[in-house]
Amino acid sequence: ICQFHRYNGCINGAATRGLMMAEFSLLLALVEATSSHLASATDIVSLCQWLIQHNLQDESLSVESLAQEVDCTPNHLSKIFHKKTGDRITERINRLRIQNASDALRWTRLSIKAIAAGCGYSGANYFCRIFRQATGRTPQSYRHEFQRESSEETEQPGVVSSAGTR
């Protein structure tokens, strides 16, 4: 809507107002619908999964903080999350954080401390311990192994076909 208005506010003024009214109507319907009935377990789990994905870098992300966000008890949230997904919330958080850290170790030159902070770990030592438990390697050895494998792939000569030469 902002881009549409910025493009030519005078000409698009009526259309911008119409779009804004439609957005507000949708928001009002959403607020009224959610306040008129309790959220289903699927809605709560979906919201919880979204919150986890978008808040992985937050050190305070926990079952308790998620339960507060979705307005239920930590026990209830843990039970319905596990029932719907087969995962425990803390396991999901740690697995996604380790995946993000692995990607950062492979594709960036950021320090271990910066990666730990960016992935939501309170300190580099704690991150190294959790990473090693999850992968069987320290972050440094993981990065070095990936770099070694990458350099070996680029050093290997391509296969030359002799079919066309006689």
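## Exercises on helix packing and cores

Ile93 touches Ile52, Leu56, Leu61 and Leu66, when residues up to four places away in sequence are not counted. The model used in these exercises is a predicted one.

**Exercise 1.** Determine which residues have the most contacts inside the largest nonpolar core, and which helix gives the most to this core.

*Solution.* Begin with the core itself, which has 18 residues, and note that those with the most contacts inside it are Cys48, Ile52, Leu66, Leu77, Ile89 and Ile93. Next, consider the helices that build it: H3 (41-54), H4, H5 and H6 (89-107) each supply at least two residues of this core. Helix H3 gives the most, with five residues. Finally, look beyond this core, since another core of 13 residues lies apart from it, and Ile98, Ala104, Leu105 and Phe131 are among its members. As general background, nonpolar side chains in soluble globular proteins tend to be buried together.

**Exercise 2.** Describe how helix H4 and helix H5 pack, and state which residues meet.

*Solution.* Two packed helices are described by the angle between their axes and the distance between the axes. For H4 (residues 63-70) and H5 (residues 74-85), the angle is about 95°, and the axes are 8 Å apart. Because angles of 65 to 115 degrees count as roughly perpendicular, H4 is roughly perpendicular to H5. Turning to the residues, Val63, Glu64, Leu66, Ala67 and Val70 in H4 meet Pro74, Leu77 and Ser78 in H5. The residues of this contact divide into six nonpolar, one polar and one charged.

**Exercise 3.** Decide whether Arg92 is buried or exposed, and list its contacts.

*Solution.* First locate the residue: Arg92 is found in helix H6. Its relative accessible area is 14%, and since buried means under 20%, Arg92 is buried. Then set aside its neighbours within four places in sequence, which leaves Arg92 in contact with Gln49, Ile52, Phe81, Thr85 and Asp87.

**Exercise 4.** Summarise the whole protein by its elements, its burial and its exposed surface.

*Solution.* Start with the elements, for the protein has nine helices and zero strands. Continue with burial, where 25% of the 166 residues count as buried. For the surface, the protein exposes about 11,900 Å², and carbon and sulfur atoms supply 55% of that area. The last step concerns contacts between residues at least 6 apart in sequence, of which 52% join residues at least 24 apart.

Conventions:
Residues are numbered from 1 along each chain as its sequence is written. This is a predicted model: local features need pLDDT of at least 70, side-chain atom pairs count only at pLDDT 80 or more; totals for chains, interfaces and linings use all residues. Side-chain values use heavy atoms; hydrogens and water are left out. Axes are lines fitted to C-alpha atoms, for helices over the stretch in contact, and angles run from 0 to 180 degrees between N-to-C directions. Helices (H or I, at least four residues) and strands (E, at least two) are DSSP runs, numbered from the N terminus. Angles under 35 degrees count as roughly parallel, over 145 as roughly antiparallel, 65 to 115 as roughly perpendicular and the rest as oblique. Contact means heavy atoms within 4.5 Å. Ala, Val, Leu, Ile, Met, Phe, Trp, Tyr, Cys and Pro count as nonpolar, Asp, Glu, Lys and Arg as charged, and the others, Gly among them, as polar. A nonpolar core is a set of buried Ala, Val, Leu, Ile, Met, Phe, Trp, Tyr and Cys residues joined through side-chain atoms within 4.5 Å. Buried means under 20% relative accessible area, exposed over 50%, partly exposed in between (1.4 Å probe, protein chains only). Accessible areas come from the Shrake-Rupley method with a 1.4 Å probe; for residues, only the protein chains shown count as cover.
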